[in-house]
Amino acid sequence: MQRFTRDHLWVMQVDDKVRIGISEVLAESLEDIDEVVLPEHGEGFSLGDPFAEVGGSGSKADLYIPVEGVVSEVNEVLFDFPERLSEDPLDTWLIEVEDIGEMEELLSESEYLSSINED
């Protein structure tokens, strides 16, 4: 089950790791995503560090990691097909993180949608 951050990311537990992707709201705001910059395998991050950049239709978004940990896998398909983030953001992950430490408070989908409707 996916959980969400207020910064328009989703996080999903997969065994002892988590996968991180972008929400439909962010994908729609960037429109046609054509650029993805991801970290390298083995790179470590503290909670809130910038970890990726996604761009499309002339705008870019810096993404801030919602968990402390080490990148165990990068979705390399996105280097050749970044548009997959626009086409199916909730099924397209960016990175997988292991050795998870501190984690941002995550929201259910309904809590996330309520929080963005308040803005």
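The following exchange examines the terms applied to one helix and several strands of this predicted model.

User: What makes Tyr112, Ser115 and Ile116 of helix H4 "buried"?

Analyst: Buried means under 20% relative accessible area. In helix H4, residues 109-118, Tyr112, Ser115 and Ile116 carry that label, so each of them falls under 20%.

User: Why are these buried residues said to lie on the same side of H4?

Analyst: They cover an arc of only 95° around the axis, which puts them on the same side of H4. An α-helix has 3.6 residues a turn, so residues three or four places apart point the same way.

User: Which residues lie on the other side of H4, and what covers the buried ones?

Analyst: On the other side, Ser110, Asn117 and Glu118 are exposed. The cover over the buried residues includes strand S1 (2-4) and helix H1 (24-30).

User: Why are strands S5 and S8 called paired?

Analyst: Two strands pair if at least two bridges are found between them. Strand S5 (residues 44-45) and strand S8 (residues 69-74) are joined by 2 bridges, so the criterion is met. The two strands run antiparallel, and Gly44 has Val70 in S8 as its bridge partner.

User: How do you know that S8 also pairs with strand S9?

Analyst: Strand S9 (residues 93-98) is joined to S8 by 4 bridges, again antiparallel, and pairing requires at least two. Val71 has Val97 in S9 as its bridge partner.

User: What makes S4 and S7 the edge strands of the open sheet S4-S6-S7?

Analyst: Strand S4 (33-37) and strand S7 (59-64) each pair on one side only. The twist averages 20° from one strand to the next. S4 pairs with strand S6 (residues 50-56) over 4 bridges in the antiparallel sense, and Glu35 has Gly55 in S6 as its bridge partner.

Conventions: Residues numbered from 1 in each chain as written. Predicted model: local features only at pLDDT ≥ 70, side-chain atom pairs only at ≥ 80, totals over all residues. Heavy atoms only, no water. Buried < 20%, exposed > 50% of the residue type's maximum accessible area, 1.4 Å probe, protein only. Arc of directions from axis to C-beta. Contact = heavy atoms within 4.5 Å. Axes fitted to C-alpha atoms, helices over the stretch in contact; angles between N-to-C directions.
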